[in-house]
2 protein chains.
Amino acid sequence: MIEDKNKSNTKISELGEFGLIDHLTRGIKLRHKSSVKGIGDDAAVISGDIELQKIITTDLLVEGVHFDLGYMPLKHLGYKAVIVNLSDVYAMNAQPKQITVSIAVSNRFPVEALDELYDGIKTACKIYNVDLVGGDTTSSTSGLIISITAIGEAKKEDIVYRSGAKENDLLVISGDIGGAYLGLQVLEREKQVFKANPNSQPDLEPYTYLVERQLKPQARKDIVSLLKELEVVPTSMIDISDGLSSEILHICKASKTGCNIYEDKIPLDPQVISTCEEFELDSTTIAMSGGEDYELLFTIKTEDFPKIKANPNLTVIGHITAQKEGIHLITRANTKIPVIARGWNSLQEE
Amino acid sequence: MIEDKNKSNTKISELGEFGLIDHLTRGIKLRHKSSVKGIGDDAAVISGDIELQKIITTDLLVEGVHFDLGYMPLKHLGYKAVIVNLSDVYAMNAQPKQITVSIAVSNRFPVEALDELYDGIKTACKIYNVDLVGGDTTSSTSGLIISITAIGEAKKEDIVYRSGAKENDLLVISGDIGGAYLGLQVLEREKQVFKANPNSQPDLEPYTYLVERQLKPQARKDIVSLLKELEVVPTSMIDISDGLSSEILHICKASKTGCNIYEDKIPLDPQVISTCEEFELDSTTIAMSGGEDYELLFTIKTEDFPKIKANPNLTVIGHITAQKEGIHLITRANTKIPVIARGWNSLQEE
């Protein structure tokens with residue numbers, strides 16, 4: 001990555017709060033007719049529509065908990081912070097339209113660093129066609145804090161909850177999983193190597209896919225469009241932010257069902273398999289508990305199977321059972337293991 | 001204040017992230033028909049209405065910047081964190097309907113402390129008739145962080161922006177100002193006294209109004225209802241969070257106008273006047289630059305004056321002029337002083 005070493009360092013205090021907001025939000029254009037009023041008043045205004053329900057989701061990202069600026073470039077961080085919220089909107093089978101962005105920063109960040117962060121935020125807005133309509137900018141006593149709220153919309157009949165899965169429905173996953181977690185392990189290892197020897201040059205070549213999954217994840221906008229084209233309305237849906245186990249448990253709990261997942265069906269990228277071997281990790285455990293994949297997990301009626309079966313983006317990994325049958329992983333050796341939540345949990349004690 | 005000294009200390013890690021969310025949001029009932037889906041899915045769902053536009057506003061509160069747990073009880077903090085957002089919705093002449101609450105906490109907080117915080121949040125929701133529909137709960141490496149987003153609604157023709165003030169409009173303020181800032185000064189002083197002598201008992205009796213303005217501010221829900229009753233739609237409106245000077249400048253900048261404010265018209269509580277004398281502070285400076293009053297500042301057409309003049313909650317403090325005339329405070333001695341922003345600015349260097 002080529003960085004401009006001649007960047008100047010403008011102190012945030014030189015601009016002040018309102019000057020900084022003006023600076024960071026300059027040139028922002030509203031794309032959607034529904035974005036009636038963006039930044040610059042006490043609140044944003046969004047038009048209503050009797051046919052469309054609004055979807056609201058919010059995430060709080062804290063430096064040292066959710067990201068490490070040691071290997072996370074600020075531009076990527078801004079991008080990812082938006083993506084994690086949009087993923088939740090897509091998981092409702094809805095289209096995101098607006099976001100608000102609040103940040104708290106300490107004075108150690110020059111304005112140019114925040115420009116990088118906002119570059120990533122604006123790039124995500126452009127690619128995912130959402131309007132940045134508001135937020136809050138304040139100071140922090142320690143690290144960087146980012147809080148984003150996404151607002152989306154969908155017709156009432158299109159919205160998909162976690163709670164609609166029914167016995168015999170097929171459990172489907174988009175893309176492949178486990179990559180983001182392994183990307184983090186690779187970056188952590190390189191950070192330790194760099195600490196021990198600052199002249200070392202990391203060779204990330206064998207891990208490009210994994211590192212990209214961690215640093216520049218994508219939200220599955222395409223899947224929501226694809227399902228619409230295929231005329232499939234999932235019976236339940238959730239995004240995989242905390243790991244497959246955790247999300248399956250959420251769907252089954254909300255839907256009052258059980259589930260069988262087949263180990264040999266879980267889609268893994270070849271880099272996930274080879275890196276698991278290198279790190280001596282079990283790839284199924286990583287897939288089940290890794291998290292941060294931002295893929296979509298959903299259930300469909302069996303009669304919809306022919307519509308999705310040819311699609312390389314979608315994999316059937318199991319099926320819904322009666323609640324009393326429990327939630328199990330069927331291993332390659334054909335043994336049944338109860339699924340327990342081991343997803344990423346930021347509230348666990350270190 | 002009587003505190004229960006027998007409270008147990010449950011570690012957050014005993015509950016885990018989802019257990020904690022379940023615990024904190026237990027018993028929450030949705031009051032509004034528009035709150036289609038609250039906590040418990042990837043996102044909240046709110047119904048649309050062609051007649052009603054949605055208002056979105058968000059605030060990020062950081063421990064050590066916006067609040068000091070040394071004198072801010074957690075219950076009050078939760079209450080205030082909601083109020084500051086609702087105030088922004090009222091400032092659009094709209095009714096808040098939903099909020100999302102995200103918190104980041106370190107392990108030094110037991111679950112019981114978060115119960116206190118949520119008690120305050122739930123109390124505010126009850127009093128102001130808003131539904132808690134979502135949020136995020138995560139860990140923090142240092143202090144407590146609270147991010148709240150409020151969603152409101154209003155008919156298009158009722159929404160009031162900062163930008164609608166016109167020459168000759170009257171500038172009106174609700175309630176009185178300066179109290180919250182002085183309350184903070186009193187609390188800061190008592191904190192220093194307590195540090196020097198932990199056996200000292202603070203006598204806050206002469207400052208009850210000021211301390212309440214700081215610790216338990218109210219949003220002016222009543223003013224929005226009152227204006228509706230009086231059939232007055234303000235031409236512009238803003239809430240006073242950063243101080244009167246700062247807000248007047250916002251209105252004039254957005255409306256492309258000037259303004260004259262009369263020093264002798266600024267409404268001050270007797271406790272503000274007496275405490276300013278005690279602290280040797282100029283009460284006008286405090287009123288103009290103090291902030292955190294959460295009163296509403298708005299402009300009305302001169303023909304609407306008869307409708308509001310008898311109301312003890314509303315005071316005309318000036319009038320809008322042409323932009324070229326500038327923005328001035330007319331002092332008691334009848335001199336004109338240009339108004340500059342000296343509001344509370346959390347991004348200024350210490």
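**Exercise 1. Determine how many residues each chain gives to the contact between chain B and chain A, and what area is buried.**

Solution. With contact meaning heavy atoms within 4.5 Å, chain B supplies 70 residues and chain A supplies 70 residues. The model is predicted, so local features need pLDDT of at least 70 and side-chain atom pairs pLDDT 80 or more, while totals for chains, interfaces and linings use all residues. Residues are numbered from 1 along each chain as its sequence is written, chains are lettered from A in the order in which they are written, and side-chain values use heavy atoms, without hydrogens and water. Next, the buried area (accessible area, 1.4 Å probe, lost on putting two parts together, summed over both) is about 5,600 Å². Carbon and sulfur atoms give 55% of that area.

**Exercise 2. State how many salt bridges link chain B and chain A, and describe one of them.**

Solution. The criterion is a side-chain nitrogen of Lys or Arg within 4 Å of a carboxyl oxygen of Asp or Glu. The count is six salt bridges between the two chains. One of them joins the side chains of Asp41(B) and Arg162(A), at 3.7 Å from N to O. The largest share of the side of chain B that touches chain A, 10 residues, belongs to strand E3 (residues 52-62) of chain B; strands are DSSP runs (E, at least two residues), numbered from the N terminus.

**Exercise 3. Identify how strand E3 of chain A pairs with strand E2 of chain B.**

Solution. Pairing requires at least two DSSP bridges. Strand E3 (residues 52-62) of chain A and strand E2 (residues 44-46) of chain B are antiparallel, over three bridges. Within E2(B), Ala44(B) is the bridge partner of Ile56(A).

Conventions: Helix = DSSP H or I, 4+ residues; strand = E, 2+ residues; numbered from the N terminus.
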